[in-house]
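Colleague: I'm new to this one. Could you walk me through how to read it?

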Amino acid sequence: MSGGTLVAAQTLINQATSAITQTNLLQDDAGAAAQEGGNNIDGAVNLLLVGIDAREEGSSVTSVLSDTIIILHIPETHDQAYLISIPRDWRVEIPAFTKTGFEGSTEKINAAFSYGYQGDGTEIEKRSRGMELLAKTLNKITGITFNGAALIDFNGFASVIHALGGVDMCVDEEAESAHLGVDADGKLVQGWYSETNGIQLPDGVKPLVHKTGCRTMNATEALDYARIRKSLSDGDYGRQRHQQQLIKAIAKKATSSGVLTDLGKLNNLTKAAGDAFILDTQGIAVADYVFTLKGVAANDLMLIKTNSGNLRSELIDGVSYETLDDESLDMLAAAKTGTLGTFLIEHPQFIAKSG
């Protein structure tokens with residue numbers, strides 16, 4: 001690009017992303033800005049992506065858990081990207097967190113966000129603390145320092161998918177919903193899930209069944225499919241794979257010419273993203289991220305699974321946890337050192353189906 005074109009492009013990107021809430025989600029050793037010399041995205045990049053299921057005030061659910069935890073790793077070449085899903089039931093040591101008076105414990109990693117979220121403050125402050133403790137937990141276990149982080153809740157995901165006009169998804173295994181039903185007229189009905197009794201629906205409404213095959217899904221269908229685990233043959237690993245596929249589908253649709261060349265769609269998308277995300281770029285301008293990573297297209301997203309996609313459950317004091325094998329820990333170490341590509345050449349079983 002010429003100098004003038006580059007400045008104009010940076011201005012446009014800054015305008016488009018100005019609505020996104022930005023705050024500090026990463027502190028201490030977990031964030032690159034805390035390291036000597038500050039954040040640097042010239043080399044390999046690790047980003048922490050977290051999705052939460054934030055219930056409405058008055059809900060019977062008293063805690064906010066991180067249902068989706070993904071490390072987005074980009075190698076030094078900046079021409080590829082890897083989505084590494086962290087099992088939400090992974091048994092880990094969650095360190096003490098003085099900001100909420102949490103003394104530390106050993107339990108499922110998705111509880112780390114909740115222990116940081118608890119306490120007084122605005123919703124942004126509470127969510128920021130949740131991300132901080134989750135990132136601190138991951139850093140303590142893996143040594144990974146994050147160059148940035150993004151937090152989104154399911155309502156935010158829904159608004160982005162709606163702005164895109166739906167996304168193209170391929171159902172790889174028939175799956176029964178735990179949250180949605182279909183009435184006699186074929187209309188979707190919102191239900192709720194009970195750990196003891198399963199999906200709860202009005203009389204005459206049957207659970208929605210996602211049939212195998214490829215099709216365009218609206219926001220309700222896509223998010224429901226990405227949340228299912230009980231009816232899948234590989235449980236939470238299937239859900240991780242479907243969540244990764246949804247992120248890839250969103251990336252494909254968002255970067256398609258039909259969106260990028262339609263100002264109305266583009267404005268709707270940027271507004272939805274602004275309402276949905278909380279972002280931490282660790283001091284790097286969003287435009288700089290865009291230009292640095294411009295060589296990574298949606299098709300360059302590779303989906304990665306821990307434990308080669310095999311369940312490793314362990315029952316401790318009546319609670320079922322997931323554990324990671326030594327090769328999975330080596331894989332995370334490779335993401336830390338920027339050698340993940342080499343690791344995957346030697347361990348192709350860690351690569352998941354992309355669609």
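Modeller: Happily; we'll take confidence, then the sheet, then the cavities.

Colleague: How far can I trust the coordinates, and what is the average pLDDT of the protein?

Modeller: This is a predicted model. Where pLDDT is low, the predicted coordinates should not be read in detail. Here the average is 87, and 90% of the residues score at least 70. Among the elements, strand 5 has the highest mean, 97, while helix 1 (residues 3-17) has the lowest, 57. Take care over residues 57-61 too, where the pLDDT is below 50.

Colleague: Now the sheet: in what order do the seven strands come?

Modeller: Strands of a sheet pair through backbone hydrogen bonds, either parallel or antiparallel. In this open sheet the order is 1-15-7-2-3-4-16, with mixed pairing. Strand 1 and strand 16 each have a single partner strand, so one side of each is left without a neighbour in the sheet. Strand 16 runs parallel to strand 4, joined by four bridges; Leu83 has Leu303 as its bridge partner there.

Colleague: Which strands does helix 6 lie across?

Modeller: Helix 6 (residues 235-254) crosses strand 3, strand 4 and strand 16, at about 170° to strand 16.

Colleague: And the cavities: how many are of 30 Å³ or more?

Modeller: There are two. The largest has a volume of about 70 Å³, and its lining includes Phe154, Leu223 and Gln243. That lining has six nonpolar, two polar and no charged residues. The second largest, about 60 Å³, is lined by three nonpolar, four polar and four charged residues. Helix 6 gives the most to this second lining, four residues, and the largest share of the first, three.

Note on methods
Residues are numbered from 1 along each chain as its sequence is written. This is a predicted model: local features need pLDDT of at least 70, side-chain atom pairs count only at pLDDT 80 or more; totals for chains, interfaces and linings use all residues. Side-chain values use heavy atoms; hydrogens and water are left out. Two strands pair if DSSP finds at least two bridges between them. Helices (H or I, at least four residues) and strands (E, at least two) are DSSP runs, numbered from the N terminus. Contact means heavy atoms within 4.5 Å. Axes are lines fitted to C-alpha atoms, for helices over the stretch in contact, and angles run from 0 to 180 degrees between N-to-C directions. pLDDT is the predictor's confidence in each residue, from 0 to 100. On a 1 Å grid over the protein atoms alone, a cavity is a set of points where a 1.4 Å probe fits but cannot get out, and a pocket is an open set with protein on both sides within 12 Å along at least five of seven lines; lining residues have an atom within 4 Å of a point. Grid points are joined across faces, edges and corners, and a volume is the space filled by probe spheres set on the points. Ala, Val, Leu, Ile, Met, Phe, Trp, Tyr, Cys and Pro count as nonpolar, Asp, Glu, Lys and Arg as charged, and the others, Gly among them, as polar.
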